[in-house]
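Let's take a look at where the charged side chains sit and how they pair up. Have the structure open while you read.

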Amino acid sequence: METNRKVIYIWLIAGIALGILGFFYIQNVLIPVRLKNFLAQKIENTLHKPVTISGISFRLIDGLIIKDLTVFNDNSRKTHLFKADEISFNVLFLPFIKGQTIVVPSLLIKHPDILIIKTASGQTNLANFIDQAFNAHLPQQRFSFFIRKVRIKNGSVIYQDQSLDPILTQKIDRIDLMSNIGIDRKIHFTANINDAKHDSQLKLNGTYGLKDHLLFSWVHAENLPLAQYLAMVHNSTPLKFRDGTIDSADAELTFQNNIFLLKGNAALKNLDLQLSENKNISGSIKLEKFSLALGKNIIKTDGALTFDSLYIILDAQNDVNLSGRININSGEFKGPNVNIKGDLSFNNISCRVEGNQFLQTDLRSQSYVITSIPQGIVVTGDLSSENSFIKMTMDKIIHTSLKADYATFNLKNNQTELNTDLKLSIKNALFKGLFQAGGDMTTDNFHFLSSPNGIAIDSQLSGKSMNIKLNNNMTLSDEIFLAFNASKKGKTLDYSGAIEFKHGKILNVPYIDHVTGLSGKINFTADSLSSDNLKFNTLNTNAVIKGEINGFNEPCANLTITSEDINFEDLTDTPFLNKTLSPFISKLSGHSGLQIAYNGALNQIDPDQLSFKFVLDNVKVSSPHIPAPISELSGRIAFSKDLLSWDNLKGTYLNHWYALDGKVVKFSRPTLTTSIRSQDLNIDTELKILHSAFQFAQFRGHWFNSSLFMQGDVHFTPHAAPDIDVRMDFNLNTTDLKKFTDAYSLKPLPIDIKGMIKGDGLYRGKLNDWRNWQLVLNCSSSKLWLNTHPFENLALRYEQRERNINKFDLTGTIYDGQLSVKGTADLRTDDLPAKVQLGISNMDLETYNKSQETKFKFLSGTLNAFVDLTTLPLSQLDAAKGTGFFKISDGLLGQFIPEIDQSYFTNANGNFVMRDGGMITKDTMLYGERVSIKAVGKMNFDQKLNFMLYPEYHAILDNMTPYGDNPNAGQTFKHILNIKVAGTLAHPQFTPTISASKTIKGTADAIKNGLGTILQEIF
């Protein structure tokens, strides 16, 4: 028994010794030497890559441990393909399982590092490695391996792209992976990637079914540098992620039967995606309830994309900034076929076009469909925008809302085509310097086509409640119908169309207040407007516009405005008449046709290109400048370049008809020629209008039997009366003066003049400054009647210069005697001192007596008289001073007492002095055969008399015939001492002074009658 124990102890010790020796052999010889070389050789033969292992050891708990395994990229051994600090695993040999499977319960890889290199040719070392690994010819193995659990701790991946310049190097580190096969025959795995450099995290947690081959994983990402990871994916297109981060993502990933399905939410920030050399997208995007299914030749997707300040650069002059949401209800990509349905909502879209044009808008679509067609895509759906702001330039802005029940976008063969029923509600369209507009517009079959050859637009629009406010506050309101087409090649925009008005109204029109009834069509192109029949009503007058406007940068117009019937009476109280015509016309009635034509620039109206035509019919004009209205006015008035004309212009003034024909030519140096005709008037004139002056080249007129010819100049000076310089010839029939005053209701002349006066003269000066006139006048008349006095062979010479009347010479014949008046005057002082000499020689009183039918039918004799007024203030005639005389000889002047034949006077003479307001004489004598009378006294200029008459007797009156009841009349006259004369020249009063105490009444009456007759005849 004890021997058996010893044997057991010996065998136990021997076994322990052998075990120790075997463990020592395996640990120090078999594993680190033989197995190390065996594994390195096997891996090299399989991968055709150099492999190094620094060492292999075995620990009971960790199992087999491989240290510093490195698989080099090539034989140069400069770069590695894979390396790991440590790989450890246990091996469980199950011979009872069919196939003699070797089970690895757990595989741990510490600090693995994979280097992926993309060469300049575009190949990767990893792709070559995988091809070599799977295509290697392996000998038949007795055993199979089954790894139940794999764990990777703190791994990293380095990606190097040598096809780029400079070379791109990206690294992903802190990769942890845990996977194991459960009893449900699924591989359960968990992976964590923590990037300390970018503070990012990626977590995977899922399963893979070994039976159904279903891959499922929950994916969570935070702050993942998407651009960095995508840069490691080969991409032959210009699409490049230059920057971008998955801010957060939570999604479910499944893969089975080559179908990939992703569902979840994600948020991308700092996106910088280069579409091409000049196109770029940047901003932030959120994916909500997003799903993406990838199958063989098919992709399906749905969900919502939310954009936060997405910025799209199309080129240096065009970009878009927007925020909003796109909902994809269903999306399918099957081969070349695409079908996407959903809705979208964009807020604050901001577009910059051509560098200085801007669009800001909100955009909605409740139902859009995107489908593919051969070589293109079609997008259909509805569109709406509540707030669109279009800024073409600093002073051209449109604020509008839009809605389209349908819109079709067709993208095919580099062409973009749009068809829609767009409705616009223009809140405000501002084109500073032109107009401001608002209203509702609806398009009918709006068609837009964009191709490499350019852009084309074709549509019809209807505008309701349109309001267009021009820069001068004029406002147009109407329902507007618009048909147009447009095309653009390069930067050149060409368009054409027509605007149709139905019953438009324009308010705040200068001078005419408003325009109504606007109807007709305006055709337009990119550089022109035209109309054949644009009708409107203004100032109660219907009118039509025809013509065109060309060249909007420097617009030129060729327009005609025509009105068949203007009722002037309707214009009486209009702003147009009040502001423009009221200073000249107080009342206007009647009818007229009107045509206005203009062919010239619009930036600055050229009067030379403007023309008017009036056709007047029964017009009546009242003016504050004429005493009576002009009525029954008819005829044609025309205005055009350098021509204003009037043809057969007829009218009635003060019950006299007049007809005018004439014209004004060359407005820069105008010449007026006209003729005026009436029953009694005939005038022809040619007037040249110069700068601040006009010239009478000819003025020739006839009024009844009178005529006037005039030539000269009229010069105008600011704030002063015009200067006139004319020469004239005239023939005046004085009876025409009365016709003139009667015809025009003027004040009649103070004296009655009859006869013909011929004359000529020169005049220079201002009409309101008569003292400074320069006037030379020569007049003559073969016979002229002043009241009842006939003058023959009258001749007048008048000269006025330098504020002096240098000459006033009047000569002629009156009652067979010679008349002479000479005078001068000084106009420099206020009292206007003058000197006048008046002489009458050899005037026949008998001829005078027969002409005037005086009371004394036997009056006769010869009169000589002379008056020398040395002082004659023209401003105060009663202050005249001078001397004079008269003499009557060989005549019969009247009787002292009519009943006494011997009392006749046959001669008279006298001297007088003019002063103190009258004529004073001391020696006026009446000579008779029996009696002479001496007159002493004064006759005032107002014809008041204050004389004393002193009779002188040349013979005894005893033989005188008795007078009245007094048989001794002759004796009575002997005692008369003098006679006092008072009263006026027309009504003298005589008071005889008789020495007898009793005056015989009959004798006194006889004296009064006789002397009264004599005074009236003589004086």
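## Exposure and the positive patch

A quick yardstick before we start: buried means under 20% relative accessible area, exposed means over 50%, and partly exposed is in between. Keep in mind that this is a predicted model.

Lys 149 comes out at 32% relative accessibility, so it counts as partly exposed. Lys 149 is part of strand S9, which covers residues 149-161. Together with Arg 148, Arg 151 and Lys 153, Lys 149 makes up a positive surface patch.

## Salt bridges between and within elements

The salt bridge count comes to 17. One of them joins the side chains of Glu 332 and Lys 300, at 3.9 Å from N to O. That pair ties together distant parts of the chain, 32 residues apart: Glu 332 belongs to strand S18 (residues 318-334) and Lys 300 to strand S17 (residues 298-315). Glu 332 has a relative accessible area of 30%, so it is partly exposed, and Lys 300 is partly exposed because its value is 43%.

Helix H6 (residues 845-852) holds both Glu 846 and Lys 850, set four residues apart, or about one turn of the helix. Their side chains form a salt bridge at 3.7 Å, N to O. Glu 846 is partly exposed because its relative accessible area is 36%, whereas Lys 850 reaches 62% and is therefore exposed.

## Another pair and a network

Arg 727 and Asp 729 also meet through their side chains, with an N to O distance of 3.2 Å. Arg 727 is partly exposed at 35%, and Asp 729 is partly exposed at 30%.

Finally, there's a network of salt bridges that links Lys 67, Glu 86 and Lys 110.

Terms used:
Residues numbered from 1 in each chain as written. Predicted model: local features only at pLDDT ≥ 70, side-chain atom pairs only at ≥ 80, totals over all residues. Heavy atoms only, no water. Patch = residues over 30% accessible without salt bridge, like charges linked within 9 Å, V, L, I, M, F, W, Y side chains within 5 Å. Areas by Shrake-Rupley, 256 points an atom, 1.4 Å probe, with all protein chains shown as cover. Salt bridge = Lys/Arg side-chain N within 4 Å of Asp/Glu carboxyl O. Lys, Arg positive; Asp, Glu negative; His and termini not counted. Charge placed at Lys NZ, Arg CZ, Asp CG, Glu CD. Helix = DSSP H or I, 4+ residues; strand = E, 2+ residues; numbered from the N terminus. Buried < 20%, exposed > 50% of the residue type's maximum accessible area, 1.4 Å probe, protein only.
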